[in-house]
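Subject: Handing over a structure, with notes

Dear colleague,

I am passing on the structure we spoke about, and I would be grateful if you read the notes below with the coordinates open beside them.

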Amino acid sequence: MLRFLNTQHKRKSAAITAVIMTMLIVAMFFVGMRYLDPPEEYGIAVNFGTSNFGKGNQQPVEPIKSSVSEEIPEDVPEEVEEVKTQSEPEKVQAKTEEVATQDTEEAIAIKKEKEAKRKQEEAIKKKKAEEERLERERQRKIAKRKAEERAKKAKLDALIGGINNSKGTASGGEGDDNVAGDKGKITGDPNASGYYGNAGSGGNGDYQLGRRKPLVRPKPRYICNEEGLVIVRIEVDKNGRVIKATPGVKGSTNTADCLLSQAKAAALKTKWQSDSNAPSKQVGTIKYRFSLSQ
């Protein structure tokens, strides 16, 4: 132990520590926690007795005999009943509030459900009304077109003296249907191969290829009940032959397949002036106007 107290500072620290520990131990005996005896009980003194009820001013020292006619005072049940009655409204009120809260939440949920259902039904009705309106508009256009066709037919019948209803004497027939008859129009060209369009010789053309003029200008056939302007972009070689035709370019007003195919066929058959100074592929246009009216 002396080995740990080999310096003056260590010895002084050990002495101070011992003094402090001694003072703490002594203090614990004099000012430490003390054990306290239980306090005396307090209460209210109760009179000696051997029954729940009694009367008189003499205090018996022994149990007395109970009377047969002893009854419970009338005011006791009333007090008990009064206490019970006072406790019931709180329970009833709490239960009522709970039921009211549940009814309110359920009512809100039902109201939201009805509102969503109402909006859905309104959207369905609105969509159905729009579809019916579009259908009526489509039927109206169809009826109008049919009325115009009947009017044109009646006008044509009046001009040609009712030939459609007359009894002819010629035999044979011509057309692309499976019904007997001579398909076409009375004012048409007997040598034409088309069955639709106006009663002329075919669509009119507008030819543009620089200063070169068209020599052969075949007209497109009418193979459907469509009308409008079809512009064909063409490429022509030096000899005047159309080597490429692209129908339906910008400016066309109707790009129905039945019009584009016939415009392209007519453009490829067109013959132009030859020009040795022209480029190998000179670009031009041909405009075909298809018309179903007179």
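What follows is an account of what was found, going from the overall chain to particular residues.

Please keep in mind throughout that this is a predicted model. The chain holds 3 helices and 6 strands, and, read from the N terminus, its elements follow the order α-α-β-β-β-β-α-β-β. Of the 294 residues in the chain, 14% are buried, and the chain exposes about 25000 Å², of which carbon and sulfur atoms supply 54%. If one takes the contacts in the chain with a separation of 6 or more, 68% of them are between residues 24 or more positions apart.

Nonpolar core

The largest nonpolar core consists of 21 residues, and those with the most contacts inside it are Val232, Ile234, Trp272 and Tyr288. At least two residues of this core come from each of strand S3 (228-236), strand S4 (242-247), helix H3 (257-268) and strand S6 (282-290), with the largest share, 6 residues, supplied by H3.

Helix H3 also carries glutamine 262, which is buried because its relative accessible area is 15%, below the 20% limit. When its neighbours within four places in sequence are left aside, glutamine 262 is in contact with Pro220, Arg221 and Ile223.

The disulfide

A search of the whole structure returns 1 disulfide, and this joins cysteine 224 to cysteine 258 with an S to S distance of 1.9 Å. The two cysteines belong to distant parts of the chain, 34 residues apart, since cysteine 224 sits in the loop between strand S2 (214-216) and S3 while cysteine 258 is in helix H3. The link of cysteine 224 and cysteine 258 is right-handed, with 70 degrees about the S-S bond. Are these two cysteines buried or exposed? Cysteine 224 has 14% relative accessibility and so counts as buried, and cysteine 258 is buried as well, with a relative accessible area of 17%.

Salt bridges

The search of the whole structure finds 7 salt bridges, and I describe some of them here. In helix H2 (residues 75-159), arginine 133 and glutamate 130 are 3 residues apart and therefore separated by about one helical turn, and their side chains meet in a salt bridge with an N to O distance of 2.7 Å. Both ends of this bridge are partly exposed, arginine 133 at 40% relative accessibility and glutamate 130 at 37%.

Glutamate 137 and arginine 140 likewise lie in helix H2, 3 residues apart, or about one turn of the helix, and their side chains meet in a salt bridge at 2.5 Å, N to O. Here glutamate 137 counts as partly exposed at 29% relative accessibility, and arginine 140 counts as partly exposed at 45%.

Arginine 233 forms a salt bridge with glutamate 235, the closest N and O atoms being 3.3 Å apart. Why do the partners fall into separate burial classes, arginine 233 being partly exposed and glutamate 235 buried? With 20% as the limit for buried, arginine 233 is above it at 33% relative accessibility and so counts as partly exposed, whereas glutamate 235 is under it, with a relative accessible area of 13%. Elsewhere, salt bridges that share partners join Glu115, Arg118 and Glu122 into one network.

A nonpolar surface patch

On the surface, Ile25, Val26, Phe29, Phe30 and Val31 form a nonpolar patch, and together these residues have about 600 Å² of accessible area. One of them, valine 26, is found in helix H1 (residues 8-31), and valine 26 is partly exposed because its relative accessible area of 42% lies between the limits of 20% and 50%.

With best regards

Note on methods: Residues are numbered from 1 along each chain as its sequence is written. This is a predicted model: local features need pLDDT of at least 70, side-chain atom pairs count only at pLDDT 80 or more; totals for chains, interfaces and linings use all residues. Side-chain values use heavy atoms; hydrogens and water are left out. A nonpolar core is a set of buried Ala, Val, Leu, Ile, Met, Phe, Trp, Tyr and Cys residues joined through side-chain atoms within 4.5 Å. Buried means under 20% relative accessible area, exposed over 50%, partly exposed in between (1.4 Å probe, protein chains only). Helices (H or I, at least four residues) and strands (E, at least two) are DSSP runs, numbered from the N terminus. Patches are made of residues with over 30% relative accessible area and no salt bridge: like charges are joined within 9 Å, nonpolar side chains (Val, Leu, Ile, Met, Phe, Trp, Tyr) within 5 Å. Accessible areas come from the Shrake-Rupley method with a 1.4 Å probe; for residues, only the protein chains shown count as cover. A salt bridge is a side-chain nitrogen of Lys or Arg within 4 Å of a carboxyl oxygen of Asp or Glu. A disulfide is a pair of cysteine sulfur atoms within 2.5 Å. Contact means heavy atoms within 4.5 Å.
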